[in-house]
Amino acid sequence: MGFEGETWYVRRAEEVEEDGEAGKAGETGADGGAGGHGGQGAEIGEILIDDADFPWLSGRFRAGPAFGGVEDLFARELALAERDDDGHRADWEAVRAEIGRRVRLVSPDGPVAEFLLHIQGERAWFRWSDAPFGGEGAGV
């Protein structure tokens with residue numbers, strides 16, 4: 001598929017500009033790094049896509065300097081996604097919503113409107129949409 005070999009970026013929400021760029025080249029981010037796709041700014045990490053199994057993309061995750069601020073959140077999200085007991089869905093949705101408030105997924109073409117992202121060690125897998133997910137359509 002066309003996605004393999006692409007690099008997708010995981011950024012702090014406040015660093016994604018409306019023009020679709022993750023920061024601006026030459027600007028300094030809050031933690032002292034340069035903005036833009038290649039800069040260190042508020043880079044949570046990047047994902048080098050090596051498998052495209054529609055609707056999921058997956059690849060090698062390289063943590064960036066801002067990953068420590070959300071690492072526990074992603075660990076909790078994945079643990080809740082793997083549970084199969086009563087009441088876990090509401091907890092999972094709350095953690096997923098927090099990720100949505102704090103994190104942006106940026107494709108090679110710019111930020112995506114909605115995503116479901118799992119990160120575990122050096123692997124990440126996600127699905128995304130140019131429009132917000134409707135109701136129950138995200139899936140775990």
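Two aromatic rings of Phe, Tyr or Trp count as a pair here if their centres lie within 6.5 Å. The legends below describe close-up views of a predicted model.

**View 1. Aromatic pairs, with tryptophan 8 and tryptophan 128 as the example**. A search of the whole structure finds 5 aromatic pairs. In one of them, the rings of tryptophan 8 and tryptophan 128 have centres 5.3 Å apart and planes at 55°, so this pair is described as tilted. The pair brings together distant parts of the chain, since tryptophan 8 lies in strand 1 and tryptophan 128 in strand 7, 120 residues apart. Tryptophan 8 is buried, with a relative accessible area of 1%, whereas tryptophan 128, at 27%, counts as partly exposed. Both tryptophans belong to one aromatic cluster, which is formed by Phe3, Trp8, Phe126 and Trp128.

**View 2. The open sheet and the helices that pack on it**. The chain has 2 helices and 7 strands, and along the sequence these follow the pattern β-β-β-α-α-β-β-β-β. The 7 strands form an open sheet in the order 5-4-1-2-3-7-6, with antiparallel pairing. Strand 5 (110-111) and strand 6 are the edge strands, each pairing on one side only. Helix 1 packs on this sheet and touches strand 4, strand 6 and strand 7, with its direction at about 95° to that of strand 6. Helix 2 also packs on the sheet, where it touches strand 1, strand 4 and strand 6, and its direction makes about 65° with that of strand 4.

**View 3. The pairing of strand 2 with strand 3**. These two strands pair in the antiparallel sense over 8 bridges. Within this pairing, isoleucine 47 has phenylalanine 61 of strand 3 as its bridge partner. Isoleucine 47 is also one of the residues that touch the most other members of the largest nonpolar core.

**View 4. The largest nonpolar core, with the surroundings of valine 103**. The core holds 27 residues, of which Val10, Ile47, Phe74, Val103, Leu105, Leu117 and Phe126 touch the most other members. Among the elements that give two or more residues to the core are strand 1 (7-12), helix 1 (71-82), helix 2 (88-102) and strand 4 (103-107). Apart from its neighbours within four places in sequence, valine 103 is in contact with Val10, Arg11, Ala13, Ile44, Val70, Phe74 and Phe115. For the chain as a whole, buried residues make up 41% of the 140 residues, and residues 24 or more positions apart account for 54% of the contacts with a separation of 6 or more.

**View 5. Strand 6, histidine 118 and the hairpin with strand 7**. Of the 7 residues of strand 6, 6 are buried, so this strand is largely enclosed by the rest of the structure. Histidine 118 has its place in strand 6 and counts as buried, at 1% relative accessibility. The C-alpha atoms of histidine 118 and alanine 81 are 9.2 Å apart in space, although the two residues are 37 residues apart in sequence. Strand 6 and strand 7 pair in the antiparallel sense over 7 bridges, and in strand 7 the bridge partner of leucine 117 is phenylalanine 126. The two strands form a hairpin with 2 residues between them, and glycine 121 in the turn has a positive phi of about 60°.

Definitions and conventions:
Residues numbered from 1 in each chain as written. Predicted model: local features only at pLDDT ≥ 70, side-chain atom pairs only at ≥ 80, totals over all residues. Heavy atoms only, no water. Helix = DSSP H or I, 4+ residues; strand = E, 2+ residues; numbered from the N terminus. Buried < 20%, exposed > 50% of the residue type's maximum accessible area, 1.4 Å probe, protein only. Contact = heavy atoms within 4.5 Å. Core = buried A, V, L, I, M, F, W, Y, C linked by side-chain atoms within 4.5 Å. Phe/Tyr/Trp six-rings, centres within 6.5 Å; stacked < 30°, edge-to-face > 60°. Pairing = 2+ DSSP bridges. Axes fitted to C-alpha atoms, helices over the stretch in contact; angles between N-to-C directions.
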